[in-house]
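Colleague: Could you take me closely through the charged side chains in one part of this model, and then follow the account outward to the elements around that part?

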Amino acid sequence: MQASSLDADWLVVWQHQITKSLQRVLGAFEDTYGYPPGDNEIILANADSRSAAAQLKEHPAAAPTLTSFYDTISEAALPDIDNGRFIHSPDHVLNDLAEYGSVHVADHVAGIVFGSDGGGNLLAVDPSGAVHRSTSASWFDDFELIAANLIDFLKQLQQAVADFADTGLPPEHR
């Protein structure tokens, strides 16, 4: 899946590919793991989420790629992939910004937390579109670069879902 820009067509294909991988793994999930899967889904944007995304565009640390993402996708909830992977809805992001503000992802660079994993580590995107992960479950700790841009991050997420569907194992056991 190639992309040079984050457009709606690319995001719809991305969503369909993840959904297809989820269908492969979730059908046998309970038999394999002994408990039912959570609600694993990529939720498309609606009028409410687009309205919240429009408000997010006004924030000085907002990355254009994040707001472009929210024009098509509202959120991703993948609690059974690895230890959980989540892209928060734009209204969740706005609430977090109101409560905690932006985070420092690098020297003199602020980012907006837009996601998390099941262990509490946070995902933030800086104004250039680079994606960072907190080194601990804290808004105030260090962040490390994990993807040069949001497209690369989304490709990594799609690959993690596909790998889990292929092997049924989290990355540390592959």
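Modeller: I begin with a pair of opposite charge. R85 and D82 form a salt bridge through their side chains, with an N to O distance of 2.4 Å. The two partners differ in their exposure class: R85 has 26% relative accessibility and therefore counts as partly exposed, whereas D82 has 18% and therefore counts as buried. The cut-off for buried is under 20% relative accessible area. Please bear in mind that this is a predicted model, and that every distance and area here is computed from it.

R85 also enters the description of another acidic residue, D80. D80 is placed in the loop between strand 2 and strand 3. D80 is buried and yet takes part in no salt bridge; R85 is its nearest side chain of opposite charge, at 12 Å. A salt bridge requires the nitrogen and the carboxyl oxygen to lie within 4 Å, so the 12 Å between D80 and R85 does not qualify.

What does the side chain of D80 meet instead? One of its polar atoms lies 2.6 Å from the backbone nitrogen of G38. The side chain of D80 also makes a polar contact of 2.7 Å with the side chain of N40. Once neighbours within four places in sequence are set aside, the residues in contact with D80 are F29, Y35, P37, G38, N40 and F164.

The pair of R85 and D82 belongs to a wider set, for the count of salt bridges comes to 4. Side chains of opposite charge can pair when their charged atoms come close. One of the salt bridges joins R24 and D166, at 2.2 Å from N to O. Since R24 sits in helix 1 and D166 in helix 6, this pair ties together parts that are 142 residues apart in sequence. R24 is partly exposed at 44% relative accessibility, while D166, at 55%, counts as exposed.

Another salt bridge is formed by the side chains of K57 and D71, with 4.0 Å between N and O. K57 belongs to the loop between helix 3 (47-56) and helix 4, and D71 to helix 4, so the pair ties together parts that are 14 residues apart in sequence. Both partners fall in the partly exposed class: K57 has a relative accessible area of 43%, and D71 has 30% relative accessibility.

Helix 1, which carries R24, merits a description of its own. The helix has 19 residues (8-26); at 1.5 Å a residue it should span 27 Å, and its end C-alpha atoms are 26 Å apart, which agrees. Its buried residues are W10, L11, W14, Q15, I18, S21, L22 and V25. Viewed down the helix axis, these residues fall within an arc of 135°, so they line one face of helix 1. The face turned away from the buried side carries D9, K20 and Q23, which are exposed. The partners against which the buried residues of helix 1 pack include strand 2 (73-78), strand 3 (85-87) and helix 6 (150-167); strand 2 and strand 3 are the elements on either side of the loop that holds D80. Helix 2 (29-33), strand 1 (41-44) and helix 4 (64-72) are also among these partners.

Between helix 1 and helix 2 is a loop that contains G27. With a relative accessible area of 69%, G27 is exposed. The C-alpha atom of G27 is separated by 30 Å from that of L6, and these two residues are 21 apart along the chain.

Strand 2 and helix 4 return in the packing of helix 5, whose buried residues also meet helix 3 and strand 5 (109-117). In helix 5 (residues 90-100), P90, V93, L94, D96 and L97 are buried. These residues fall within an arc of 160° as seen down the axis, so they line one face of helix 5. On its other side, N95, A98 and E99 are exposed. G101 follows helix 5 and has a positive phi, near 80°.

Strand 5 contains G115, which counts as buried at 0% relative accessibility. Apart from neighbours within four places in sequence, G115 is in contact with F86, I87, H88, N121, L122 and L123. G115 and S74 are 41 residues apart in sequence, and their C-alpha atoms are 12 Å apart in space.

Technical notes. Residues are numbered from 1 along each chain as its sequence is written. This is a predicted model: local features need pLDDT of at least 70, side-chain atom pairs count only at pLDDT 80 or more; totals for chains, interfaces and linings use all residues. Side-chain values use heavy atoms; hydrogens and water are left out. Helices (H or I, at least four residues) and strands (E, at least two) are DSSP runs, numbered from the N terminus. The expected span of a helix is 1.5 Å times one less than its number of residues. Buried means under 20% relative accessible area, exposed over 50%, partly exposed in between (1.4 Å probe, protein chains only). The arc is that of the directions from the helix axis to the C-beta atoms. Contact means heavy atoms within 4.5 Å. Lys and Arg count as positive and Asp and Glu as negative; His and the chain ends are not counted. A polar contact is a pair of N or O atoms within 3.5 Å; within protein, one must be able to donate a hydrogen and the other to accept it, and residues adjacent in sequence count only if both atoms are side-chain atoms.
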